[in-house]
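The paragraphs below lead through this structure from the packing of its helices to its charged pairs and two of its buried side chains. Please keep the sequence and the model in view while reading.

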Amino acid sequence: MTDRQLQRRDALLEAVMQLAAERGVDNVQMKLVAEYSGVALGTTYRYFASKEHLLASALVDWHSRLANRVLNEPDTFQSDAERVDRLVDYLQRGIRGFQRYPSYADLLVYVSGSRDPNAREALNQMSARTNRVLRFLIGPQISPEDFETLSFAVGSLWLNAILTWRSGRHSLTDSYRLCENGVRLACAGLPRLSALPAATTPPAAPRRRDAVSSRTA
């Protein structure tokens, strides 16, 4: 993109976050974002194919700022325990960002369930950047298989902490606590992951008794 195109794109992404904070996610529409940003609606659709694509891209852009700050910090870890502490801090900083702007958490909930291919691609970029942070914080000493497992566990814990808080199932304090405890438990299992037996195919579900009886009657 040219500098002018990047400026327009940034204006659209910024407008999404401002409108989400002021009016709520449900009231953010493509036409309103275009008007708010000063970008023509037709131009808006050239950058973003759908509302879900636009919302997901705005969320990813906002979240990338935290990830980039961590990646630009020096690697001065003295122990594995310190690495885990920094990982917990990174995830809790992410939750604090949503605490300051609860509508952004609603935006995360909204786009996480999207089937729009462009929205999914944007979220994949967010996951890739998060994995870079996770690898930076944990270090290179774990295998790719163990890293994949840890990434899935940590991401699931973080997302679930936010979802259950916004749905009222957990208090914010509980979400912080459960996220930290879960991450520490997952990291504590790292040395044992490679020694665990390989996963096997789950057993077939037992046949229903009435179905068996009907065939033998």
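Helix 5 and helix 7 are roughly antiparallel to each other, because their packing angle of about 150° falls in the range over 145 degrees that counts as such. The axes of helix 5 and helix 7, the latter spanning residues 117-138, are 8 Å apart. From helix 5 the contact draws on Arg83, Arg86, Leu87 and Tyr90, and from helix 7 on Thr130, Val133, Leu134, Phe136, Leu137 and Ile138. Sorted by character, the residues of this contact of helix 5 with helix 7 comprise 7 nonpolar, 1 polar and 2 charged. The model in which this packing is seen is a predicted one.

The wider setting is helical, for the protein has 11 helices and 0 strands, and along the sequence its pattern reads α-α-α-α-α-α-α-α-α-α-α. Of its 217 residues, 40% count as buried. Among the contacts between residues at least 6 apart in sequence, 71% join residues at least 24 apart.

A second pair of helices shows another geometry. Helix 4 (residues 51-71) and helix 6 (residues 102-112) have axes that come within 10 Å and cross at roughly 130°, and these two helices are therefore oblique to each other. The crossing of helix 4 past helix 6 is left-handed. On the side of helix 4 the meeting residues are Lys51, Glu52, Leu55, Ala56, Leu59 and Trp62, while helix 6 supplies Tyr104, Leu107, Leu108, Tyr110 and Val111. The contact of helix 4 with helix 6 consists of 9 nonpolar residues, no polar ones and 2 charged ones.

Helix 4 also takes part in covering helix 2 (residues 30-37), whose buried residues are Met30, Leu32, Val33, Ala34 and Ser37. The cover over these buried residues of helix 2 includes helix 1 (3-23), helix 3 (41-47) and helix 4. After helix 2 comes Gly38, which has a positive phi, near 80°.

The charged side chains can be followed next, since the structure holds 11 salt bridges. One of them joins the side chains of Asp61 and Arg65, at 3.2 Å from N to O. Asp61 and Arg65 are 4 residues apart in helix 4, so about one helical turn separates them. In general, an α-helix has 3.6 residues a turn, so residues three or four places apart point the same way. Both partners count as partly exposed, Asp61 with a relative accessibility of 26% and Arg65 with one of 40%.

Another salt bridge brings together the side chains of Glu73 and Arg86, at 2.4 Å from N to O. Because Glu73 lies in the loop between helix 4 and helix 5 (80-100) and Arg86 lies in helix 5, the pair ties together parts that are 13 residues apart in sequence. Glu73 is partly exposed, at a relative accessible area of 25%. Arg86 has already appeared among the helix 5 residues that contact helix 7, and so has Arg83. Arg83 forms a salt bridge with Asp75, the closest N and O atoms of the two being 3.8 Å apart. The partners of this bridge differ in burial, because Asp75, at 48% relative accessibility, counts as partly exposed, whereas Arg83, with a relative accessible area of 14%, is buried. Salt bridges with shared partners further join Glu73, Arg86, Asp89, Arg93 and Arg96 into one network.

Which residues, then, are in contact with His63, once its neighbours within four places in sequence are left aside? His63, whose place is in helix 4, is in contact with Tyr90, Met126, Thr130 and Trp158. His63 counts as buried because its relative accessibility is 7%, below the cut-off of 20%. Two of these partners, Tyr90 and Thr130, also belong to the contact between helix 5 and helix 7.

The last stop is Trp158, which lies in helix 8 (residues 144-166). Trp158 is likewise buried, at a relative accessible area of 10%. With neighbours within four places in sequence again set aside, Trp158 is in contact with His63, Leu91, Gly94, Ile95, Phe98, Leu108, Met126 and Cys179. Of these, Leu108 was met above among the helix 6 residues facing helix 4, and Met126 is in contact with His63 as well. Trp158 and Gly182, finally, are 24 residues apart in sequence, and their C-alpha atoms lie 9.2 Å apart in space.

Note on methods:
Residues are numbered from 1 along each chain as its sequence is written. This is a predicted model: local features need pLDDT of at least 70, side-chain atom pairs count only at pLDDT 80 or more; totals for chains, interfaces and linings use all residues. Side-chain values use heavy atoms; hydrogens and water are left out. Buried means under 20% relative accessible area, exposed over 50%, partly exposed in between (1.4 Å probe, protein chains only). Contact means heavy atoms within 4.5 Å. Axes are lines fitted to C-alpha atoms, for helices over the stretch in contact, and angles run from 0 to 180 degrees between N-to-C directions. Angles under 35 degrees count as roughly parallel, over 145 as roughly antiparallel, 65 to 115 as roughly perpendicular and the rest as oblique. A crossing is left-handed if the near helix is turned anticlockwise from the far one by less than a right angle, and right-handed if clockwise. Ala, Val, Leu, Ile, Met, Phe, Trp, Tyr, Cys and Pro count as nonpolar, Asp, Glu, Lys and Arg as charged, and the others, Gly among them, as polar. A salt bridge is a side-chain nitrogen of Lys or Arg within 4 Å of a carboxyl oxygen of Asp or Glu.
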